[in-house]
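User: I'm new to this one, so please walk me through it in plain words. I'll ask as I go.

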Amino acid sequence: KMTAPTIQEMGNAAQEIVWRVMGKGSDKSGYGDWLEKDRPTHDYHIARAIRHLATAQMQLHKSTPCPDVNGETSVDHLERALVRSLFVLAQIKKEVPRL
């Protein structure tokens, strides 16, 4: 039987993913460019998160190659989906301050 990770372990895992994925960055854009991308609709980051989730699911179901042509596995895609989701969350929180 598997034991669920603690909340602290989940938080630590999320932090490590963000540091690693954002630290690696992208060849397509400069650091922080994501914040201004596709505001106010947020469709870009949401669509990218969904694409990463769908690709991970297809890889897990073995209906698409794993790793893919870019060398990314289902774990890589899930991590990128998490970061894209955080991008949208950060954008929204910058636009609509929480009261």
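**Getting oriented**

User: How many helices and strands does the secondary structure come to?

Analyst: Helices here are DSSP runs of H or I with at least four residues, strands are E runs of at least two, and both are numbered from the N terminus. The pattern along the sequence reads α-α-α. So, going by those runs, the count comes to three helices and zero strands.

User: What kind of model is this, and what should I know before reading the numbers?

Analyst: Residues are numbered from 1 along each chain as its sequence is written, and side-chain values use heavy atoms, with hydrogens and water left out. Local features need pLDDT of at least 70, side-chain atom pairs count only at pLDDT 80 or more, totals for chains, interfaces and linings use all residues, and the model itself is predicted.

User: What does the C-alpha trace span, and what share of the residues is buried?

Analyst: Along its principal axes, the C-alpha trace spans about 40 × 35 × 20 Å. Buried means under 20% relative accessible area, exposed means over 50%, and partly exposed is in between (1.4 Å probe, protein chains only). Of the 99 residues in the protein, the buried share is 22%.

User: How much of the accessible surface belongs to carbon and sulfur atoms?

Analyst: Areas come from the Shrake-Rupley method with a 1.4 Å probe, and for residues only the protein chains shown count as cover. The accessible surface of the protein adds up to about 7600 Å², and the carbon and sulfur part of it is 62%.

**Two glutamines and their contacts**

User: Is Q91 buried or exposed?

Analyst: Q91 belongs to helix α3, residues 74-95. Its relative accessible area is 0%, so Q91 is buried.

User: Which residues does Q91 touch, leaving out those up to four places away in sequence?

Analyst: A contact here means heavy atoms within 4.5 Å. One of the partners is K37, 54 residues from Q91 along the chain, with the two C-alpha atoms 9.1 Å apart. The full set touched by Q91 is W34, L35, E36, K37, R39, H42 and H45.

User: And Q59: which residues is it in contact with beyond four places in sequence?

Analyst: Q59 is in helix α2, and it counts as buried because its relative accessibility is 4%. Its C-alpha atom is 24 Å from that of D43, 16 residues away along the chain. The contacts of Q59 are T64, P65, C66, P67, D68, E72, T73, S74 and H77.

User: What share of contacts between residues at least 6 apart joins residues at least 24 apart?

Analyst: This one looks at the protein as a whole, taking the contacts between residues at least 6 apart in sequence. The share joining residues at least 24 apart is 62%.

**Charges and salt bridges**

User: How far apart are the centres of the positive and negative side chains?

Analyst: Lys and Arg count as positive and Asp and Glu as negative, while His and the chain ends aren't counted. Each charge is placed at NZ of Lys, CZ of Arg, CG of Asp or CD of Glu. There are 14 positive and 12 negative side chains, and the distance between the centres of the two sets is 3 Å.

User: Which residues are linked in a network of salt bridges?

Analyst: A salt bridge puts a side-chain nitrogen of Lys or Arg within 4 Å of a carboxyl oxygen of Asp or Glu. R20 and E16 meet at 2.7 Å, N to O, four residues apart in helix α1. R20 also pairs with E79 at 2.8 Å, linking distant parts of the chain, helix α1 and helix α3, 59 residues apart. The network is therefore made of residues joined by such bridges: E16, R20 and E79.

User: Of the three salt bridges found, what is the N to O distance in the one between E72 and R80?

Analyst: E72 is buried, at 15% relative accessible area. R80 counts as buried too, at 17%. Their side chains meet with an N to O distance of 3.0 Å.

**Out on the surface**

User: Where is S29 found?

Analyst: S29 is partly exposed, with a relative accessible area of 41%. It sits 25 Å from A13, C-alpha to C-alpha, with their positions 16 residues apart in sequence. Its place is the loop between α1 (7-24) and α2 (43-60).
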